[in-house]
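Here is a short tour of a few surface patches and side-chain contacts, written to be read with the model open beside you.

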Amino acid sequence: MADASKPVHPYASRWHRLYHWLDRRTGIGSLLHEALDEPIPGGARWAYVFGSVLLFLFISQTVTGIFLSLYYVPSADRAHTTVAYIVKEVTGGSFLRSLHAYGSSAVVIVVLLHLTQTYLYGAYKGRRELLWISGCVLFALMLAMAFTGYLLPWDQKAYFATTVGTNMATDVPLIGTWLKRFMRGGNEMGTLTVSRFFVAHVFLIPAVLIGFIAAHVYLFRKAGAAGPPSEDPIHPRLPTQRFYPRQVVMDTIVALLMILVLGLLAHFAPTELGPKANPADTQYVPRPEWYYLPIFQWLKYWRGPFAIIGIVVIPALTAALLVCVPFIDRRLQRRPWRRPIAVGAFLFILACFVAMGLMSVRDDQRDPSIAKQVAKQREETEQFMREPFEPEPAISSLTAANVALADPLAAVGKKVYESESCDACHGENGIGTNAGPKLAGPTAQKSAEELSNMLRHPTTKMIEGEMKPVDVSEEDLKALVAYIRSLR
């Protein structure tokens, strides 16, 4: 009983009264009791931190995603520009985007660690079937979040990797073609694709995620913590320890370390943005994010009529076996060394995934043509990141569209520009593409003599970029130079 003669600090008394006022109206005391007084058989352990870290990462992804969406426009003609604006102009924009990008990778890593720990500990046994299934669904939803978010920057890498991913849907029996059209919003990738992926990434999948997170937490509290592998999954015998304070401290330490690692990566190795997507680029070599590399490598082995086996049948059977593990492995034995078949099969599949990811990287390095193209793509990305931010080239487009009214010679040059297929590499109105640099801006400010010489006698670097000497008459050359200079 409290000593009535002992003085109480006035501020402490105020907080005490505020807490009781809230508790009487909201029941916050019982909520905290339920959250913090959870019994853990065998006591707190570092192996149990993954669930709390995943919850922290989900909150982090939500907060950074909200800030990014304040600037983002989900359309094919504005998405890349808005992301470039975030990265190059917005204060802290590159840092926030990098936190979000690295956070998605961290989610995949921690989910895999959590899944592995749960499987090896046999924590799916003892009336925890629904808990395991909800965890598997959450894993699939996290991968779906990563897939839908990957397209949103609308750069070369995002466009072509998503093209490959959506093309895989055609191998699904009966509904494959419809599924691809549904994801893309048509036969081709465009504004409808960006819009649908944005809605899925920002609204639909997070809503389902929140529902399954709530269900997962409820089922976990209903079944109770499984404890170490030596514990009985139905009738725990080991002495328990409350979740608070020791396990809370462990979870907090790991979450703080996660914040530190993500912050250091975002600061010292910010996520890069490549050039804007160019669907006409037939040379681009698409490569997915690291966690999809094993699947990308797996698809190489299944071609033609056998593709459905590798793309649909085997992955579906593997996923079904993973989800049904609690119904297959019914024994109460949880020690990993006492479950050699179950643990061996899991580790074998995990090792195959790692091996296929490494094989994908090795194959790219061993193929000279692919290695050269990948290096070129890397150089183009670095070059784009070094360039200052430029808004949509509305002024250049307007100038080019009305060039006939301003300069008849430049109007003739525009026809030469199109007839010589210059727009195939340098883009309409000289705005540039991944295959060729833009002509609007600094290039257009060069003198007529300098431009004529460059067109007739390309530099070594231009030749390496597959630029050929312009073989037209002197009159057409003058007109072409006049058109290029009009793009300034």
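A nonpolar patch of about 730 Å² sits on the surface of this predicted model. Trp46, Val249, Ile253, Leu257, Leu260, Leu264 and Phe268 make up this patch. If you would like a place to begin looking, try phenylalanine 268, which belongs to helix H10, spanning residues 243-268. Is phenylalanine 268 exposed or buried? Its relative accessibility is 64%, so phenylalanine 268 counts as exposed, the cut-off for that class being over 50%.

The surface also carries a patch of another kind. Here negative charge gathers, contributed by Glu420, Asp471, Glu475 and Asp476. Aspartate 476 is part of helix H22, which covers residues 474-485. With a relative accessible area of 31%, aspartate 476 is classed as partly exposed. That value fits the patch rule, because a patch residue needs over 30% relative accessible area.

Follow the chain past H22 and you come to serine 486, in the segment after that helix. Serine 486 has a relative accessible area of 19% and is therefore buried, since buried means under 20%. A polar atom of the serine 486 side chain lies 2.4 Å from the backbone oxygen of tyrosine 483. How far apart are serine 486 and leucine 347 in sequence and in space? The two are separated by 139 residues in sequence and by 64 Å in space, taken from C-alpha to C-alpha.

Two other side chains also pair with a backbone oxygen. Histidine 80, in helix H4 (residues 79-88), is buried, with a relative accessible area of 5%. Its side chain reaches the backbone oxygen of glycine 274 at 2.7 Å. Glutamine 373 is located in helix H15, made of residues 368-386. Glutamine 373 is buried as well, at 13% relative accessible area, and a polar atom of its side chain is 3.3 Å from the backbone oxygen of glutamine 283.

For easy reference, here are the side-chain to backbone contacts side by side.

| Side chain | Backbone oxygen | Distance |
|---|---|---|
| Serine 486 | Tyrosine 483 | 2.4 Å |
| Histidine 80 | Glycine 274 | 2.7 Å |
| Glutamine 373 | Glutamine 283 | 3.3 Å |

To return to the surface, which residues would you pick out to find the negative patch again? Look for Glu420, Asp471, Glu475 and Asp476. For the nonpolar patch, Trp46 and Phe268 are among the residues to find.

Notes: Residues are numbered from 1 along each chain as its sequence is written. This is a predicted model: local features need pLDDT of at least 70, side-chain atom pairs count only at pLDDT 80 or more; totals for chains, interfaces and linings use all residues. Side-chain values use heavy atoms; hydrogens and water are left out. Patches are made of residues with over 30% relative accessible area and no salt bridge: like charges are joined within 9 Å, nonpolar side chains (Val, Leu, Ile, Met, Phe, Trp, Tyr) within 5 Å. Accessible areas come from the Shrake-Rupley method with a 1.4 Å probe; for residues, only the protein chains shown count as cover. A salt bridge is a side-chain nitrogen of Lys or Arg within 4 Å of a carboxyl oxygen of Asp or Glu. Helices (H or I, at least four residues) and strands (E, at least two) are DSSP runs, numbered from the N terminus. Buried means under 20% relative accessible area, exposed over 50%, partly exposed in between (1.4 Å probe, protein chains only). Lys and Arg count as positive and Asp and Glu as negative; His and the chain ends are not counted. The place of a charge is taken as NZ of Lys, CZ of Arg, CG of Asp or CD of Glu. A polar contact is a pair of N or O atoms within 3.5 Å; within protein, one must be able to donate a hydrogen and the other to accept it, and residues adjacent in sequence count only if both atoms are side-chain atoms.
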